[in-house]
Amino acid sequence: MNVLANIRVAMRALAVNKLRSVLTMLGIIIGVAAVVALMSIGNGATASITEQIEGIGSNMVTVFPGNFERGGQRIQAKLTYSDYEALAQGVDKVSVISPVFQRFSQLTYGGNSMDVEVRATVDNYQQVRAMELSNGRFISRVDESNRARVVILGSQTATDLFAGLSPIGRKIRIDDVFFQVIGVLKSKGGGGFGNEDDLAIIPLETGYTRLFGSRAISQGERVLSLVSMSAATPEDVEWVMVQIERIMRQRHGLKLTDELDFTVFSQNAFLEAFDEITATLTIFLGAIAGISLLVGGIGIMNIMLVSVTERTREIGLRKAVGARRSTIMFQFLIETIVLSLIGGVTGIALGSGIAYGVSAADLVQADVRANTIMMAFFFAAFVGIFFGIYPASRAARLSPIEALRYE
């Protein structure tokens, strides 16, 4: 009996009890749909976040204040404006460098109020973070020297605060100080060191003298939340980080054996760590979906064993007229593969539909890839073969005489 004839026999056998066949395929359908949907959503989320991180610039290096142990206690270290000046003078192969002091403050316009991260920085911060404006302008050196009360808003902050009105030229209150909006940033999303859409940016000198006050002073020195810089090329990132550590060790009086009281972090390091996390998460999600396929495969094997029992006399008759073991085994194996493949195709359609539905709802831009569909399809076929071998071999091993006597 050729393959096509076996497939026709298998389809007729499955059609005899349609409800049982559908219920048998249900585990495969759910498993494959879960694989396709989860992998597609995961791929889309990973691509989106990676694009946001890379959009900030892979050359970016950031210095944060760290903490250290003294007398059995963890103490928060300080990063000062003089540290920034030393780095600006001492680190070469850097295109731009910016100091940042940031705190959450309340922004108010009319009856709308919201707590937003306010970053006080200098004019070249726009270059360091590769920021683009949708409207208006960025802070300038003149704003800095004049301690101007001007502010640039993130796209989400502008939308939430002004509810559709044009923010440019309008005055808002940050805490109890009035600032004039001079610019709105283009939407960028999260990017490793915070949400780039939900913030406000003011001149650093204005922040020190007009807004933050004592919150930005420690032991008579102006403190910073971080220092961001861009290496001249991606290849210079490691060298820039080495120089930063050397200069900061000297300034803070740290020996080679001392614990660092600062952290140097590159956007590349964050991207590599993110890739590792997403790879682990993808494997985890795939394993969860694989369990559904495993359960579906066990269901197929169980139903096929029942089918072998129900068709024992048929098997005996076929063997009595000369059917070989391999023919019987192949027929039942074809039935399990057909069940798995129909369930797999249905599951692929369902999973793709779920992924596209998530994209249409603008929750996550899912990415349905051909390799994900092929993997799910071949996994379904493998499940059919693996879990069909035992029932098929059991049918093939039946004795014709015993099978014909079966009632």
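In this predicted model, ring pairs join Phe101, Tyr208 and Phe212 into a cluster. Within this cluster, the ring centres of Phe101 and Phe212 are 4.9 Å apart and the planes meet at 65 degrees, so the pair counts as edge-to-face, the term used for planes over 60 degrees apart. Phe101 belongs to strand β5 (residues 94–109) and Phe212 to helix α7 (residues 204–212), so this contact ties together parts that are 111 residues apart in sequence. Both Phe101 and Phe212 are buried.

A second pair, in helix α12, makes a handy companion to this one. The rings of Phe382 and Phe386 have their centres 5.8 Å apart and their planes at 25 degrees, so they are stacked, as planes under 30 degrees apart are classed. Phe382 and Phe386 both sit in helix α12 (residues 370–397), with a spacing of four residues, or about one turn of the helix. Phe382 is partly exposed, because its relative accessibility is 48% and the exposed class begins over 50%. Counted by the ring-centre rule, the model holds six aromatic pairs.

Turning to the surface, a nonpolar patch is formed by Leu19, Leu23, Leu26 and Ile30. Together these four residues offer about 400 Å² of accessible area. One of them, Leu19, is located in helix α2, which spans residues 18–56. Leu19 has a relative accessible area of 59% and is therefore exposed, since the cut-off for that class is over 50%.

Conventions
Residues are numbered from 1 along each chain as its sequence is written. This is a predicted model: local features need pLDDT of at least 70, side-chain atom pairs count only at pLDDT 80 or more; totals for chains, interfaces and linings use all residues. Side-chain values use heavy atoms; hydrogens and water are left out. Patches are made of residues with over 30% relative accessible area and no salt bridge: like charges are joined within 9 Å, nonpolar side chains (Val, Leu, Ile, Met, Phe, Trp, Tyr) within 5 Å. Accessible areas come from the Shrake-Rupley method with a 1.4 Å probe; for residues, only the protein chains shown count as cover. A salt bridge is a side-chain nitrogen of Lys or Arg within 4 Å of a carboxyl oxygen of Asp or Glu. Helices (H or I, at least four residues) and strands (E, at least two) are DSSP runs, numbered from the N terminus. Buried means under 20% relative accessible area, exposed over 50%, partly exposed in between (1.4 Å probe, protein chains only). Rings of Phe, Tyr and Trp (its six-membered ring) pair if their centres lie within 6.5 Å; planes under 30 degrees apart count as stacked, over 60 as edge-to-face and the rest as tilted.
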